[in-house]
Amino acid sequence: MIIVIIPIAVLLLVILCKKIPVIGGNLVVALILTGALSLLLGKVFNPVDWVSALIDGIDRIAWVLALSFFGSLYSEAQVELGTVNTIMSSLKARFKDSPKAMVICIVLVLVLAGSLLGDAIAASTVVGVLTIGTLASIGLTGEMICAIIVMGAAMGSIMPPMTQALALASALVGTDPDPVFKLGYLTVGIVVVVTCIYIYYYMLRNVKKMEIPTEKKASQILRENWTTLIPLFALILVVFFRTINGPLKFDLMVELLKSIPGPGDAGGEGGFYGLLTTIPILKGIANGIVLCIIFAILVCFLFPKVHRNAGRVLKNGTKNVSKTLAIQAGAGFMLGCFYMGGQIETVQAFAQGLDVRVLIWGGAVALTLIGMLTGSQSTAQNTIFTFLGPALVSIGINPTIAALAGAHIAAAGQGAPPADLTTFVVAGIVGGAIGKKVDPLVSMFYSLPMCIALFIVGMVALYI
């Protein structure tokens, strides 16, 4: 485990100790240094392997980079159109005397968005970005704003019906997902309540009352500006029809790209879409949620107010996300190095070698650690829960409970420091929106109580 502990210790040291000459507090440098150190400790010295680690790591999170870029463009287009102003003005008018209640409503909206999109980053970039201005207006720091958005979206991503975490865990233990989903409403609901209490009484203890520049009621604001919400509703519709099951299921953008022939029939039956999915890194654009956001951007550009200012939208959107992309590229390099250097295999071996008596706690720690290293609950489940889930079932734990616990524990690791991808994405967007640097690690620590709640719920389920 020493090859895991040392790189993570260095990562935290460089990020937290800002007095270190030149590199102190520089997150990109910290990520690159951690990745390089993990390769050296794993005895990987060939420069070709280092390049392979970079490509592999970025390829693994290519859809995240694509989502960040197009999410920023979508956000900027929504600002230009006036969607942000419509939503935030109506919220302010409705909750002008109760900013704490407004924030809790924002968290619940994010939970709903996450449960429909099935992904924390998607919910953060699609809905969360619309709340930044309002959250900043009540005196919250960038790190707090980032954490609130991330917590709401993360809890929503594990909440049924569109929950990849519970679906994957159910598949890995070979159980019917429906009972798992039904319990998920209850267990995630408990985490939502606990997290909202934490936000209300701790994070919002010093919020200030908002000053409303208009006396208009929320209903009047919505009636006068409903057209600015069209791209948002278009996005909701295309996501809805993409994710439902049955005869109405239809993935608009995927089908559209499939109808375009690939060069030299390279795309096969999948057309241009099939070709795109085979190109390393660029295949991130083929992610379903990314394509939905691209569709929403195109709808935004149908409005004269947006397409007349296309240059400004593209310039500001790119500028706002540039630092985020640099951080994500560093995180991708680190992730690729963890795989190339053997850190992931080391944690897997640690879990596999455990005695049955400590399987539950040791497996939970390993599952959480992989989530923390990769910033991905799906990676944690695929690398650890693949064998941990069946092992739990073999010692008499109900498969439904095992799946439920595995999803919650993996999600807890995903959101904890130091490598939560969602926080990296949102921190960059929030920083660009408020014009200040947002420290993603500090934001992760603000989100830690939610992660602890997820972990506790998962562990309690195993002992009931």
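**A tour from two cysteines outward**

Select C292, a buried residue with a relative accessible area of 1%. The model on screen is predicted, and this cysteine serves as the starting point.

Keep C292 selected and display its sulfur. Which cysteine sulfur is nearest to that of C292? It is the sulfur of C300, 14 Å away, and C292 takes part in no disulfide. A disulfide is a covalent bond between the sulfur atoms of two cysteines. Because the cut-off for a disulfide is a sulfur pair within 2.5 Å, the 14 Å between C292 and C300 does not qualify.

Move next to C300. Is C300 buried or exposed? With a relative accessibility of 0%, C300 counts as buried. Seen from this side, the sulfur of C292 is the nearest cysteine sulfur, and C300 is likewise in no disulfide. The disulfide count comes to zero.

Now select the whole chain and colour by secondary structure. The chain contains 24 helices and zero strands. Turn to the C-alpha trace, which spans about 65 × 60 × 60 Å along its principal axes. The radius of gyration is 22 Å, which agrees with the value near 23 Å expected of a compact globule with 464 residues.

Colour by burial next: 56% of the 464 residues count as buried. Among contacts between residues at least 6 apart in sequence, 78% join residues at least 24 apart.

Finally, show the surface. The accessible surface amounts to about 19700 Å², and carbon and sulfur atoms account for 67% of it. Select the charged side chains: 28 are positive and 21 negative, with the centres of the two sets 12 Å apart.

Notes: Residues are numbered from 1 along each chain as its sequence is written. This is a predicted model: local features need pLDDT of at least 70, side-chain atom pairs count only at pLDDT 80 or more; totals for chains, interfaces and linings use all residues. Side-chain values use heavy atoms; hydrogens and water are left out. Helices (H or I, at least four residues) and strands (E, at least two) are DSSP runs, numbered from the N terminus. The radius of gyration is taken over C-alpha atoms; the globule rule is 2.2 Å times the number of residues to the power 0.38. Buried means under 20% relative accessible area, exposed over 50%, partly exposed in between (1.4 Å probe, protein chains only). Contact means heavy atoms within 4.5 Å. Accessible areas come from the Shrake-Rupley method with a 1.4 Å probe; for residues, only the protein chains shown count as cover. Lys and Arg count as positive and Asp and Glu as negative; His and the chain ends are not counted. The place of a charge is taken as NZ of Lys, CZ of Arg, CG of Asp or CD of Glu.
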